[in-house]
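Welcome, and thank you for taking a look at this structure. Let us walk through it together, one region at a time.

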Amino acid sequence: MKVFNILAASCLVLAAAGFERDQIRIAGSSTVFPFTSFVAEEFGANKANKTPIVESVGTGSGFKLFCSGLGGDTPDIANASRPIKLSEFELCQKNGVTDISGIMIGYDGIVLAQNTANGELNLSKEQIFKALAKDIFLGGKLVPNPYKSWKQIDESLPDREIVVYGPPSTSGTRDSFEELVMQEVSEKLGYDKGYKAIREDGVFVPSGENDNLIVAKLGTNKAALGIFGYSYFEENADKLTAVSVDGVALNAQNIANGSYKVARSLFIYVKNAHKGSTKGLEDFIKLYISDDMIGENGELRTLGLIPQGGDELKRTREFFSKPLDMDLVKAHKVN
């Protein structure tokens with residue numbers, strides 16, 4: 001069986017080797033979408049290049065497309081708002097996508113936002129968990145979550161209905177939120193290891209991969225909260241206010257220095273086998289990781305990307321053409 005898999009992967013590589021494409025294809029995270037789209041427009045401003053096609057389909061769906069194989073009908077790059085999972089890496093390997101570079105482009109905060117009609121709101125991670133967990137310990141027993149208002153969770157909180165619009169299960173933002181909030185708190189409260197189940201009784205409302213849709217819903221339902229990336233909050237700061245988490249306000253400085261604890265790294269993953277077949281792919285990546293784009297004073301900072309420090313950025317560039325291996329994926333990091 002192993003011999004068959006190796007032969008099958010080899011055939012995929014050989015089949016893909018002969019294709020030529022003059023336009024880069026990119027798919028994945030809605031959070032990374034505005035950053036990659038900006039770089040794509042800059043790249044296409046040079047008349048020698050076609051503007052890359054960038055699709056916002058969610059991190060999970062992006063990896064599914066990226067890892068489906070090599071060739072002209074597959075993406076060259078996957079946008080991701082979390083590191084690649086082991087299962088996704090194994091899918092890539094199975095389908096002959098064996099030479100991948102993972103590049104961190106910067107940091108992003110996960111925002112809990114609300115309509116400006118509301119007063120300031122500070123929530124602890126534990127309070128957020130209790131609002132959204134599928135099951136809650138009450139009287140020593142694990143029962144379906146009964147909480148309908150924030151005041152039921154804590155007397156200090158407003159008597160306001162719990163409604164949270166958030167990303168679907170295919171989203172990297174959802175994965176990161178589950179890990180940074182749900183899983184972390186559940187372990188402290190004595191749940192089974194790895195518990196991160198979000199309630200499905202209408203309190204948490206999955207709202208697709210379009211973060212602008214969540215922003216629009218917060219304009220209609222003033223009691224609700226929304227979960228999405230920092231760049232979308234920046235774009236809509238005139239309509240929204242951010243919830244402080246554990247007493248720490250959401251801002252670029254607190255994300256960069258690590259004091260805002262609901263933050264994550266953002267990535268692009270490159271199919272190195274396509275560099276000889278997709279025109280301009282290597283030049284596009286060089287533009288993306290340049291000081292002009294992701295440096296400390298780069299253009300993407302104006303869109304809400306939190307840049308890496310000088311040493312981190314240097315390390316990112318060193319890994320530009322180095323392929324991922326299983327150990328790096330298992331360590332849940334790419335550099």
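Before we meet our opening pair of residues, one definition helps: two strands are said to pair if DSSP finds at least two bridges between them. Please also keep in mind that what you see is a predicted model.

With that in hand, find D108, which stands opposite R264 in strand β13. Strand β13 covers residues 263–271, and strand β4, residues 100–115, is joined to β13 by nine bridges. The two strands β4 and β13 run antiparallel. Now look for another partner of β13: strand β3, residues 77–80, pairs with β13 over four bridges, again in the antiparallel sense. If you would like a residue to hold on to here, take I77, whose bridge partner in β13 is V270. How much of strand β13 is covered? Eight of its nine residues are buried, and the strand is described as mostly covered. As a reminder for reading any such strand, side chains in a regular strand alternate between the two faces of the sheet.

Let us move on to the helices. Helix α5 spans residues 125–132 and helix α7 spans residues 172–188; their axes come within 9 Å of each other and cross at roughly 95 degrees. Angles of 65 to 115 degrees count as roughly perpendicular, so α5 is roughly perpendicular to α7. Which residues make this contact? From α5 come K125, E126, I128, F129 and L132, while α7 contributes F177, L180, V181, M182, E184, V185 and S186. Sorted by class, the contact of α5 with α7 has eight nonpolar residues, one polar residue and three charged residues.

Stay with helix α7 a little longer, for the charged side chains along it deserve a visit. R174 forms a salt bridge with E178, and the closest N and O atoms are 2.7 Å apart. Both R174 and E178 lie in α7, four residues apart, which is about one turn of the helix. Are these two buried or exposed? R174 has a relative accessible area of 13%, so R174 is buried, and E178 is buried too, with 10%.

A second salt bridge in α7 links the side chains of E184 and K188, at 3.8 Å from N to O. E184 and K188 are likewise four residues apart in this helix, about one turn. Their surroundings can be read from their accessibility: E184 counts as partly exposed because its relative accessibility is 29%, while K188, at 67%, counts as exposed. You may recall E184 from the list of α7 residues that contact α5.

Salt bridges turn up elsewhere as well. How many does a search of the whole structure find? The search finds 15 salt bridges. One of the pairs is D201 with R199, whose closest N and O atoms are 2.9 Å apart. Here D201 counts as partly exposed at 39% relative accessibility, whereas R199 is buried, with a relative accessible area of 2%. There is also a network of salt bridges linking R82, K85, E88 and D175.

For our last stop, look for L324, in the loop between α13 (310–318) and α14 (326–330). Is this loop residue buried or exposed? At 6% relative accessibility, L324 counts as buried. To place L324 in the wider picture, find F228, which is 96 residues away along the chain; the C-alpha atoms of L324 and F228 are separated by 28 Å.

Definitions and conventions
Residues numbered from 1 in each chain as written. Predicted model: local features only at pLDDT ≥ 70, side-chain atom pairs only at ≥ 80, totals over all residues. Heavy atoms only, no water. Axes fitted to C-alpha atoms, helices over the stretch in contact; angles between N-to-C directions. Parallel < 35°, antiparallel > 145°, perpendicular 65-115°, else oblique. Contact = heavy atoms within 4.5 Å. Nonpolar A, V, L, I, M, F, W, Y, C, P; charged D, E, K, R; others polar. Buried < 20%, exposed > 50% of the residue type's maximum accessible area, 1.4 Å probe, protein only. Salt bridge = Lys/Arg side-chain N within 4 Å of Asp/Glu carboxyl O.
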